[in-house]
Amino acid sequence: MPPSLFSFQFRIRNLPLRVPSTTLGTIRVMNNNRHRTADSRVESNPRVHKLQQLVNTNASGGWEESWKQGVTPWDLGRPTPVISHLHHTGSLPMGRVLVPGCGTGYDVVEMACLGRYVVGLDISEEAIKKAKQMSSTLPNADYFTFIKADFFTWHPTDLFDLIFDYTFFCAIEPDMRSAWAQQIKNFLKPDGELITLMFPMDDHAGGPPYKVSIADYKEVLHPMGFEAISIVDNKWAIEVRKGREKLGRWKRALGQSSL
């Protein structure tokens, strides 16, 4: 398990606060065609259709197979732009951070810095393997870790100050969203923050990804005591996702974790 934040800071207190974006170049995918494919709309993206076929016909191993076959249409091949913006403007909480469904871990690496230890969690062994291969030699490698585990059965030893969800809520079946919210509550410190990048906000049928709305998040988060601090259009969204993403920031007013 990752060291405590105190011992972690003690060992590396002389390192710079943030790792410049240029250090991430070694893990960024430079294939523009792949980037365009990741940006394609749900209804017309053949890779999304292939993903749905893999996942919907193999409930236990579909996600693993999608990674093995490279069928990952959600993957931008770089950090999510709004996360880069929030990180470099000092707008993210410090402490322990969880990224469920982290995939190859671009956002994990982007946020990791002195005072912020980031845990990337994914159910796919292949995804975690790729994440470790691409990031293990980076200058900020002591600030993050990757764990292969099921979000719905995992039991972390420490709570988190921040959870960031993007393309995870929309990947799970809608009837699992209440369980998702319960785990968010379980994993966050009482004063912790949840950031949700809500996508895809449209009216397509089926999934994954399943369509989402603000009401979908409120329906499962409000019973857990979460209220939205802000919900705004994501103006840093990649071009073809503009108008279909909103950035939500949530806090829990009362209640204790059940961890």
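Contact means heavy atoms within 4.5 Å. The model treated here is predicted: local features need pLDDT of at least 70, side-chain atom pairs count only at pLDDT 80 or more, and totals for chains, interfaces and linings use all residues. Residues are numbered from 1 along each chain as its sequence is written, and side-chain values use heavy atoms, with hydrogens and water left out.

**Exercise 1. The chain as a whole**

Task: State how many helices and strands the protein chain has, and what percentage of its residues is buried.

Solution.
Step 1. Helices (H or I, at least four residues) and strands (E, at least two) are DSSP runs, numbered from the N terminus. The protein chain has nine helices and seven strands.
Step 2. Buried means under 20% relative accessible area, exposed over 50%, and partly exposed in between (1.4 Å probe, protein chains only). Of the 259 residues, 52% are buried.
Step 3. For contacts between residues at least 6 apart in sequence, 72% join residues at least 24 apart.

**Exercise 2. Helix α9 and Asp216**

Task: Determine which residues of α9 are buried, which are exposed, and what Asp216 touches.

Solution.
Step 1. Helix α9 spans residues 214-221, and its buried residues are Asp216, Tyr217, Val220 and Leu221. Because these fall within an arc of 115° when seen down the helix axis, they line one face of α9. The arc is that of the directions from the helix axis to the C-beta atoms.
Step 2. Ala215 and Glu219, on the other side of α9, are exposed.
Step 3. The cover over the buried residues includes α8 (177-187), β5 (188-198), β6 (226-233) and β7 (246-252).
Step 4. Leaving aside residues up to four places away in sequence, Asp216 touches Phe169, Arg177 and Lys211. Between the C-alpha atoms of Asp216 and Ser178, 38 residues apart along the chain, the separation is 9.9 Å.

**Exercise 3. The nonpolar cores**

Task: Identify the members of the largest nonpolar core that touch the most other members, and the element that supplies its largest share.

Solution.
Step 1. A nonpolar core is a set of buried Ala, Val, Leu, Ile, Met, Phe, Trp, Tyr and Cys residues joined through side-chain atoms within 4.5 Å. In soluble globular proteins, nonpolar side chains tend to be buried together.
Step 2. The largest core holds 29 residues, of which Leu98, Trp154, Trp180 and Leu221 touch the most other members.
Step 3. At least two residues of this core come from each of β2 (116-122), β4 (160-166), α8, β5 and α9. The largest share, four residues, is that of α8.
Step 4. Apart from this core lies another, of 26 residues, including Val82, Ile83, Leu138 and Phe146.
Step 5. Trp180 has contacts beyond four places in sequence, among them Phe151, Phe152, Asp165, Tyr217, Val220 and Leu221.

**Exercise 4. Helix α4 and its glutamates**

Task: Establish whether Glu64 and Glu65 are buried or partly exposed, and describe the surroundings of Glu64.

Solution.
Step 1. Glu64 belongs to helix α4 (residues 62-69), whose buried residues are Gly62, Glu64, Ser66 and Trp67. Covering them are elements that include α3 (46-57), β2 and α7 (125-135).
Step 2. A salt bridge is a side-chain nitrogen of Lys or Arg within 4 Å of a carboxyl oxygen of Asp or Glu. Buried Glu64 has no salt bridge; Lys68, the nearest side chain of opposite charge, is 4.4 Å away.
Step 3. Residues up to four places away in sequence not being counted, Glu64 touches Ile123, Ser124, Glu125 and Glu126.
Step 4. Glu65, also placed in α4, is partly exposed, with a relative accessible area of 30%. Its C-alpha atom is separated by 8.6 Å from that of Glu126, 61 residues apart along the chain.
Step 5. Just after α4, Gly70 takes a positive phi of about 75°.

**Exercise 5. Strand β7 and its partners**

Task: Find the strands bridged to β7 and the bridge partners of Lys246.

Solution.
Step 1. Five of the seven residues of β7 are buried, and the strand is mostly covered.
Step 2. Two strands pair if DSSP finds at least two bridges between them. β5 and β7 run antiparallel and are joined by six bridges; β6 and β7, also antiparallel, are joined by seven.
Step 3. Lys246 of β7 is the bridge partner of Met198 and of Asp233.

Terms used
Lys, Arg positive; Asp, Glu negative; His and termini not counted.
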